[in-house]
Structure formats: structure tokens, C-alpha cells
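Biologist: Got a minute to go through this one with me? Put it up on the screen first.

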Amino acid sequence: MNVFLVGAGPGDEGLITVKGLDLIKKADIIIYDDLVGKNLLKYGKEDAELIYVGKRKGKHSHKQEEINNILVEKAKDAIANNKIVVRLKGGDSFIFGRGGEEVLELKKHNIDYEMVPGITSSIAVPEVSDIPLTHRKVATSFTVVTGHEAEDKKENEKQVKLSELNANTIVILMGITNLENHVMELLKNQNRTVDTPVAIIMNGTRPDQKIIKGNLGNIVNIAKENNIAPPGIIVVGDVVNVLE
């Protein structure tokens, strides 16, 4: 196999899988995202080709179509010249990482590939912050949603409404920019009140991780007071305080 889509984990380089790290060490070409722990790249070969295709809200180095084209081009090169290309994505490739879109592009060009799962930030970041997404006494279900609509979303593609979610715990990825709107939407659900606990973890698993806690009634103000900014994860539900 010459082409690998590898989940890099939530940010802490120690949380990548053994297989993922082994492939980074062997790769001739690494196409990597913004949220990939940069220390991981130091494990690569000295002559490895490093291609940055990171995206932040309002700061996209490449459009997704361009990334797809780069991946296909480098995959073909790898196959023709017996090289290894690693598409390195933050967290897990299939959890809001557009890995599915990139796989479809590879399939379109009849390119074989292998998926290497990564630890998704939606679970890992709350966990390292002492927030279990489930707990026998307070939460038997959780839902992970994106707080950011795709810029190219079609009119007939439905965006999940937070007010319609009934899981005990809700994890919102990419939601800090629209935090106030998310809070208003959550409060439309009859099972949630202004006292519902909320935590926001900024730069999760990294040395500069920052966590704030509050409730749906005050979290917007607390976030402003603490200069909370992306990247971050929002956790809503009683699990936020269950281990205190």
C-alpha cells in the first residue's frame, strides 16, 4: 500500500497511534492539516516532502477541491515511484475531518488507500479535562455535532438543530465563533435550562490548554472575559461537573 489517511489525534503528539507514527517515519510525502501537532512532523524523514493544507475559519490555505487534487496527484506519484504518501489529519479523518470526501476522490481515480484511525478530539479533549461524556448516574448518551456550517452547503442539506437533540451530553466542535447562537438554540430545548452546565476547552491536550466552566445562562460572558477563541470544544450537560 502506498496511500494512507492517518488520524493524528487531538493535538498532543503522544496520543497518535503506534501505526500512525510508524507511517509518518516511513512517509516520503506528508500532506498535513493545521491542527496536527507540529512536533509529529519532526519524526518524518529529513527528505520527506511536507505539504501544508491547513484550514481555519476565514484562513484557508487551500480549498477542499484543491486539497483533493493535491492528494490524488501525490498518490499517483507515490504509486508510480514506490513511495509512501500520508494524508495526516487532526483527530480522526472521518469525524468532521472531510476524510470521506477525500476517500471519494481517491475512489474516483481508482486509487487504493488504507485508513488509520485517530483519537477524535470530541472524546479525548473532554476526557483529559476530567469530563466523561457518559456516566452511569447522569448520562447514558452523547451526541457530537459541528457548530460550523459548510460554506458550500446546499440548500437541501439539513443542518442539525441543537434544540432538537435529546442526548444527555452534547459535544460541539468548531462552535466557539457562534457560541451565543448555539446557547440560544440549546435553550429552546425543554430539557435544558439556564442552569445546564457547560464547559469550553480551548487548545485541548496541548500545553496551552485552557478550560472554563459555567452554564447556559452565563457561559457567553465567561468566554468573553477569558478571551476564549478557536480551536475549542464545547461540552453541554451534567457530566461537566460530575467528577468535582
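Modeller: Let's talk about salt bridges, then one helix.
Modeller: This is a predicted model, where local features need pLDDT of at least 70, side-chain atom pairs count only at pLDDT 80 or more, and totals for chains, interfaces and linings use all residues. Residues are numbered from 1 along each chain as its sequence is written, and side-chain values use heavy atoms, with hydrogens and water left out.

Biologist: How many salt bridges are there?
Modeller: The count comes to 13, taking a salt bridge as a side-chain nitrogen of Lys or Arg within 4 Å of a carboxyl oxygen of Asp or Glu.

Biologist: What does Lys 74 pair with?
Modeller: Glu 49, at 3.0 Å from N to O. Lys 74 is in helix 2 and Glu 49 in strand 3 (residues 49-52), 25 residues apart. Helices (H or I, at least four residues) and strands (E, at least two) are DSSP runs, numbered from the N terminus.

Biologist: Is Lys 74 buried or exposed?
Modeller: Buried, at 15% relative accessibility, while Glu 49 is partly exposed at 33%. Buried means under 20% relative accessible area, exposed over 50%, partly exposed in between (1.4 Å probe, protein chains only).

Biologist: And which residues form a network of salt bridges?
Modeller: Asp 33, Arg 87, Lys 89 and Glu 102 are linked that way.

Biologist: Switching topic: which residues are buried in helix 4?
Modeller: Ser 122, Ala 124, Val 125 and Pro 126, within residues 121-128. Their cover includes strand 8 (142-146), strand 9 (169-173), strand 10 and strand 12 (232-236).

Biologist: What follows helix 4?
Modeller: Asp 130 does, with a positive phi near 65 degrees.

Technical notes. Contact = heavy atoms within 4.5 Å.
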